[in-house]
Amino acid sequence: MTISLNRRDFAKGLGGVVLAFTLDPALAQQQKQLPGSLNGNRMLDAWIRINPDGSATVFTGKVELGQGIITALAQIAAEELDLPLARVSMISGDTGRTPNEGQTAGSQSIENSGTALRLAAAEVRHILLELASPRVQLDADALTVIDGVVVSPNGKSVTYAELAASVDLHREATATVRPKPTGMHKIIGQPIPRLDIPGKITGKASYVQDLRRPGMVHGRVVRPPRYGSTLEAVDETKARAIPGVIAVVRDGSFLGVVAEREEQAIKARVALAESAKWKLGPELPDPANIFAHLKSLPTKVEVIGVKQAPVLASAPKVLEATYTKPYMAHASIGPSAAVAEFKDDKLTVWTHSQGVFPLRAEIAKTMTLPPASVRCIHTEGSGCYGHNGADDVALDAALLARAVPGKPVRLQWMRDDEFAWEPYGPAMSMQAKASLDGEGRIVDWNYEVWSNSHSTRPQSTTGANVLAAWYLAEPGKMGSPTSPPQPAGGGDRNSIPLYDFPNQRVVHHFIQDMPIRVSALRTLGAYANVFASESFMDELALAAGADPVAFRLAHMKEPRARAVIEKVADMAGWKPGQKGDGTRGRGIGFAKYKNLACYVAVVAEVEIDRAKGTVCVCRAWCATDAGLVINPDGLIGQIEGGIIQSASWTLHEEVKFDRNGILSRDWSNYPILTMPEAPQIAIALINRPTERSLGAGEGSQGPTVAAVANAFANATGKRIRDLPFHPERVKAALG
Amino acid sequence: MAVTLKVNGASRTVPAEPDTPLLYVLRNDLELNGAKFGCGLSQCGACTVLVDGKAVRSCVTDIGSLGGAEITTLEGLGTADKPHPLQRAFIGEQAAQCGYCINGMIMSAKALLDRNARPSEDDVRQALAANLCRCGTHNRIIRAVLRAANEMGRT
């Protein structure tokens, strides 16, 4: 169809009907939807370049956070290009060089970047075969590639190196070349060792903390006693008298220092903090009533999951329960860091942000620089597990660097900067109510969740979204936070049950005001929602007199969900109806992460010291189905890490605060799981080579908390519905 | 001020005050990346080095207090081409996710193996009890230390 009519003529001919159409001439060139991140980054050479030596350089907008993604993406590219892994080099997360793939978050890198690379690499290989075809005098279809050499059955061959000069990849991807069938995979599916580990184990520069630029100096910042405070006065004399101090930087209530040496900057920070006079911001809510307080704030109510069927009124048994999850910290081992260099009106920032493009937009906006003058280059940091201080410290470093043009400034936050100022995973309340019929089947499920936003990342609102921007003399203000929509969801992630209930109603109460700074922590709302709904499933099973595994299976139709539940029960030697003995017990938890990604079931075994009130998660078994597995060892590492992290959240973690401010400022008041406490873990992967790969970086946390909570109830006969399971709470529950 | 230190077998003079924590001198003057800043409070273990064979938190150890002590960092154990058995075992077990804590794990494990060549799993867990890992790599780390002990015991 050719659209050459102008809009008015066309409209005349059709009368009023035309209003129903979007009749833009651009319609004619409407772009075909491409899979994964190819859709937003459509040129092949944005992803892959063939170098003169026949090797390939592969570009991705996703970044390494310790999850092993760069190795997995290299495997995908090498597989489809038919190159040895060693001849694929990876460039990631650089606003000057790579595709823009937004944030590296939500277990989506294999699904989005992996899909893009798989298709782009297959297409590049095909282009190379077509170029090779006349040279070896045979059709492209008849050719094979072995380690970057195109081989023809007639004995002729040509290398990628020989083809490199004539290949033009500056063309739009078509996504029409089929990737290899899984049966032909040689690199995908293999437990390839991580590319970054040898350097990390031997002290090679691996992190932004290790970056050293010529002439580099050191920065530190001084934050207020609590949120929203303003700096009334500061006596800089003492700080400036410290040898090596180059600049004290003050812009409104943003305060920092730059010194020749790191220890000098730290001393100056102390001196500035001691002399700073702050007008305190609003008091924090009372921690004793935090959940009631949050529920009292204005909410946006969304009914997100409704199923309706006639209910058989056979004297149903009705159960009701309320669960809570406190604020939790990302608690990275290394405080966030960045290096920034301001030179000739151009700013370069080395950052471990999860999204270099959104960060660049925020920095450019805050510092009124054209985005083209700002380059953000991803350089690994300590693991972040979501939106920690990475973006904030990058803006801090940039503000300090602007004060000392030409001098690169390295800034690593101190431990209390990170703990007190990072955006936490929000506190949440969950309320569940369900009815059982005479046969012990759930006939009605009502579930409500109250939560703040789980994403206040850079560019998440129309306003300013990075910490220092709110404290400048001309402050930026945050816009209205939003929640990612279903089906992935934010605070409501995994709140819609996957079980087959005839009637259900799920309500998301989105609380906009944030008395305590919050954002994305690994799994967003899924951890809390799986804790609540899978705990409630066990409470219902108990009321129905059913075994928890059998009860789940009786309500679950999805075969892949059933498969992981059955598998983990088998692995753990699950005995139906087995009761705990007061100190030891077992429980199960299941979720399909986001209701869109990997299927995970976990059985946990706990031991309780009733006198001390401590809980040991001694053993865990886990079955995971993440579709086609790219790197089994990497996948196991992510799932196992998630189980241990979730055990830590569940047993220990809660951000402490009072009306005056945040109290969790170091590891003594934010303890995490230690080496002696780590459970023994067995993991089985159900590989499904013909299914697409499913994100798995956040798959095991929800099932683990549920398994632990259910194991505790199984062991003791008492149900704890408020996290974490700290000793006072355990002792109170046991009476 | 200048202070002279013995690091990985070599004598090094650094232009720093005696009250400077060893960590900053190792990282910034000697450009050794192994020891990491984690807390500055001796709570997490990321900055661990060996001082005369003992695991010490470099973030709270002033250089002025060290005298002629032998300081060993991660780089002093081995290199990517010639790794120490502990480093080889950590690579073999893929015992790192983000890897930020791993320096401390390896250095604390080195101190353990130097005093107990045949540790039990529980010995390893206890020896690393004050080294925090956030990614959940605990079990791989424990396996790597036991593997190194095993390999070192054979040679």
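This section describes the contact between chains A and B and the domain arrangement of chain A. The structure is a predicted model, with an ipTM of 0.98 and a pTM of 0.95. For chain B, the mean pLDDT is 97, and 99% of the residues reach 70 or more.

The contact between the two chains involves 46 residues of chain B and 47 residues of chain A. On the side of chain B that touches chain A, at least two residues are supplied by each of the helices α1 (22-29), α2 (74-77), α3 (85-92), α5 (121-127) and α6 (138-154). The largest share, three residues, comes from α3(B). By residue class, the side of chain B that touches chain A consists of 22 nonpolar, 19 polar and five charged residues.

Chain A is divided into four parts: domain 1 (1-30), domain 2 (36-188), domain 3 (209-280 + 330-421) and domain 4 (428-454 + 490-734). Domains 3 and 4 of chain A are thus each given as two segments, 209-280 with 330-421 for domain 3 and 428-454 with 490-734 for domain 4. Taken over C-alpha atoms, the centres of domain 3 and domain 4 of chain A are separated by 38 Å. These two domains of chain A are in contact, with twelve residues contributed by domain 3 and 13 residues by domain 4. The side of domain 3 of chain A that touches domain 4 of chain A is made up of six nonpolar, three polar and three charged residues.

How values were computed. Residues are numbered from 1 along each chain as its sequence is written. Chains are lettered from A and ligands numbered from 1 in the order in which they are written. This is a predicted model: local features need pLDDT of at least 70, side-chain atom pairs count only at pLDDT 80 or more; totals for chains, interfaces and linings use all residues. Two residues are in contact if their C-beta atoms, placed from the backbone, lie within 7 Å. Helices (H or I, at least four residues) and strands (E, at least two) are DSSP runs, numbered from the N terminus. Ala, Val, Leu, Ile, Met, Phe, Trp, Tyr, Cys and Pro count as nonpolar, Asp, Glu, Lys and Arg as charged, and the others, Gly among them, as polar. Domain bounds come from an automatic or database domain assignment. pLDDT is the predictor's confidence in each residue, from 0 to 100.
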